[in-house]
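Good morning, and thank you for coming. I should like to take you through a structure that is new to most of us, one topic at a time.

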Amino acid sequence: MASNAATNEAFWRFLLGRLLIAALTLLAVSFMIYGLIELMPGDYAERELFRKYSGTGVTITQTEIDQVRAQLGLDRPFLVRYGEWLWHVMTRFDFGPAFRVETSVNALIGDKFLYTFVLVLGAMVFSYLIAIPVGIWVATRKSGWADGVVTLISYLGLALPNFAIALVLLMLNAFVFNLDVTGLVSQEFRGQPFSLAKFLDFLGHAYIPLLVLGWSTTAFQLQTMRGLMKDEMGKLYVTAAQARGLSGWPMLIKYPARHAVMPIVSTIGFDFSPLTNCPLSPRFWC
Amino acid sequence: MAEDSAVLRVSNLSISFSTDEGLVTAVDDLSFGLEPGKTLGIVGESGSGKSVSTKSLMQLLPSNAAIAPNSSILYQTKQGKYIDIAKLDRRSKTLDQIRGGEIAMIFQEPSAAFSPLYTIGNQMIEGIRLHRNVSRAQARQQAIDMLERVGMTNPELRIDQYAFQLSGGMRQRAMIASALVMRPAVLIADEPTTALDVTIQAQILDLLAELQNEFGMAILFISHDLAVISQIADDVLVMYLGRAMETGPVRTIIRDPQHPYTQGLIKAIPRIDRLDQPLLPIPGDIPSPLERPQGCVFHPRCPHAPDRLRCRTDVPVAAETDPHHRAACHLLDEKVLEEVHR
Amino acid sequence: MLGELGQELLLAFLDADQNTAAGILVCVTTVIIAANFLADVLMAVLDPRVRLKGR
């Protein structure tokens, strides 16, 4: 059909536009980070030597600094270094050497990034799985206890600081259930390379951070869903659907819930903000 | 009496809402009957309870509304069974069968009555398949046929469009099609022409009359506009503050209104042959539902009430002035008395 | 682990380790862009108005 072709074309144009913007954003982000660090006084070579000799009374000479610089390739101009880094990222998906730990950045980030991602994604899925159905259900209750209980739990989740929840859960696990809570993976997997067994072990440990991350998000989403749902229930198309003879959960899901869920869906992108915020929070569960 | 022939007989219907400010009476002791193939027009200002009373016929009221226990909404199904809708549980299967299948409804704003997330066809087919055991393809064909019947051009194309892609008149036609495709015995039309241009309004009224001839359903037509009601209705029910003021055949009501409120409504209709005369609105505003007047609910705005104590203390009982013509007003007793004295 | 990734980022900044800092942030940004893209596609699927009227 003609309209179908038009829709398809519009979709591909939209997709292409998005990819272009994404590429530009990534370029800008990496350039800004590179540039900002460049603007800071000193470079990695100075810092490494300082760390090596600090407290030993050894005087660091300029030649030594230059030597390390040349060794690491830091003597070349900024744009050359950035260009080379960018080229390797784009062609080989290689983020270059990580100076401080003397491995590659890929190895350094590697599974840590994966774990973080899985945790944030897990918390998000967890919060949707609870918030959306419970929000719908609470909104359709006339009044009373259900609303009260859900609101209480929600406000607890919103009001309690995440670290407090984390500490309580850790204590419960350590002292009541006698579980190993010292890491996201069991002792035997520490420092091991990534493997499926290690990943499964991680999932077994992940529920504490999931709960901590997920509780407040869930509470927020739930209250949003409940409010939106109450709003939608009063709309005329709901009455019209009921007047056609549709009722119960099929009606709720087809009409008000689908309308109510849209503002939540449109902000999925924001749900990944813990990815940028949480990594900077203190390491309570690592 | 007409009791036996009526497809819908409402008796002593009272509806109240529990709000934060207290219990609000929206409909008070309303009774009327709806004959098959006939149109009953309910007229009244906004807040007169006309919309609430018709929504209650399908139990579509919000959850804070309650129908009084002595109310009855007796409906005769297509199979000839009698069901008191007022006594049905909100979740009963019977209610779902009546909604759409037996009694259908069209609304003032078709743009809001269709969800923008689904095509017109999707929402029509949903209705058809809830009430008829047909395949999706059959239901789709029935929907297309009905859209064609209500005067939609290109029904095969329109069925896959969304309500927001249609014009106001086309949307209302689609709404009518989606209600009539289930061949209901009763069609409730809640101000179906209010949101439309006058020319489109006339088209829709003609269409409804035409479809009534063809399908023989009874229509309950709600409007604040007595002029519109007089075009389509056989009988009229005039409502004020949830009470029936006057009821009777449309000609009698228009030509010989007995109730001061009806008289006021008729005087307030702008007339093209009397452009030089000022409009005569009914003085005052409809009171807040929280402050229901004692006695006759219309007395604060009634020109005859100031010199009659009864109007402020006693609720008037509906009296028959002509066959089938009833009005609830104390003035009528006086007229009767005068005649007796003579 | 949440902390470790953040810690690496912080240390990378303090040590002026451009590769590591830019690497971590590029990864995180990619995920966020992908999530926003997913939201837009889901919205277009859920709401025909987005599809038919454009944005």
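**The two domains of chain A**

Six residues of domain 1 of chain A are in contact with four residues of domain 2 of chain A. Before I go further, please keep in mind that this is a predicted model. The two parts I have just named are domain 1, covering residues 2-106 of chain A, and domain 2, covering residues 107-285 of chain A.

How much area do domain 1 and domain 2 of chain A bury between them? The value is about 380 Å², and carbon and sulfur atoms account for 60% of it. On the domain 1 side, Val101(A), Val105(A) and Asn106(A) supply 67% of the area buried against domain 2 of chain A, more than any other three residues.

Turning to specific interactions, the count of salt bridges between domain 1 and domain 2 of chain A is zero. There are, however, three residue pairs in polar contact across this interface, with both residues at pLDDT 80 or more. Two elements of chain A, β2 (103-104) and α5 (105-140), each give two or more residues to the side of domain 1 that touches domain 2. The residues on that side of domain 1 of chain A comprise three nonpolar, three polar and no charged.

**Chain C against chain A**

I move now to the contact between chain C and chain A. Here 43 residues come from chain C and 54 residues from chain A. The area buried between chain C and chain A is about 4800 Å², with 74% given by carbon and sulfur atoms.

How many salt bridges are found across the interface of chain C and chain A? There are two. In a salt bridge between Asp40(C) and Arg18(A), the closest N and O atoms are 2.3 Å apart. Between chain C and chain A, ten residue pairs are in polar contact, both residues being at pLDDT 80 or more.

Which elements of chain C each supply at least two residues of the side that touches chain A? They are α1 (2-14) and α2 (18-46) of chain C. The largest share of that side, 27 residues, comes from α2(C). By residue type, the side of chain C that touches chain A divides into 26 nonpolar, ten polar and seven charged residues.

**Salt bridges within chains**

Over all chains, the structure holds 22 salt bridges. I have chosen three that lie within a single chain.

In chain A, Glu38(A) and Arg81(A) form a salt bridge with the closest N and O atoms 3.0 Å apart. Glu38(A) belongs to helix α1 (residues 2-39) of chain A and Arg81(A) to helix α4 (residues 78-92) of chain A, so the pair ties together parts that are 43 residues apart in sequence. Glu38(A) is partly exposed, with a relative accessible area of 33%, whereas Arg81(A), at 8% relative accessibility, counts as buried.

Also in chain A, the side chains of Arg69(A) and Glu46(A) meet in a salt bridge, at 2.9 Å from N to O. This pair links distant parts of the chain, with Arg69(A) in helix α3 (residues 62-72) and Glu46(A) in helix α2 (residues 44-53) of chain A, 23 residues apart. Arg69(A) is buried, at a relative accessible area of 17%, while Glu46(A) is partly exposed, at 34%. Arg69(A) and Glu46(A) are also linked with Asp43(A) and Asp66(A) in a network of salt bridges.

In chain B, a salt bridge of 3.2 Å, N to O, joins the side chains of Glu210(B) and Arg149(B). Glu210(B) is in helix α8 of chain B and Arg149(B) in helix α5 (residues 136-149) of chain B, and the two are 61 residues apart. Glu210(B), at 41% relative accessibility, counts as partly exposed, and Arg149(B), at 25%, counts as partly exposed too.

**Two backbone details in chain B**

Finally, a word on backbone angles. Most residues other than glycine have a negative phi. Glu191(B), although not a glycine, has a positive phi of about 45 degrees. Glu191(B) sits in the loop between β8 (186-190) and α8 (198-215) of chain B.

His324(B) also has a positive phi, near 65 degrees, and is a residue other than glycine. The loop that holds His324(B) runs between β12 (319-322) and β13 (325-327) of chain B.

Is each of these residues buried or exposed? Glu191(B) is buried, with a relative accessible area of 8%, whereas His324(B) is exposed, with a relative accessible area of 61%.

Technical notes. Residues numbered from 1 in each chain as written. Chains lettered and ligands numbered in written order. Predicted model: local features only at pLDDT ≥ 70, side-chain atom pairs only at ≥ 80, totals over all residues. Heavy atoms only, no water. Contact = heavy atoms within 4.5 Å. Buried area = accessible area lost by both parts, 1.4 Å probe. Salt bridge = Lys/Arg side-chain N within 4 Å of Asp/Glu carboxyl O. Polar contact = N/O pair within 3.5 Å; in protein donor to acceptor, adjacent residues only side chain to side chain. Helix = DSSP H or I, 4+ residues; strand = E, 2+ residues; numbered from the N terminus. Nonpolar A, V, L, I, M, F, W, Y, C, P; charged D, E, K, R; others polar. Buried < 20%, exposed > 50% of the residue type's maximum accessible area, 1.4 Å probe, protein only. Domains from an automatic or database assignment.
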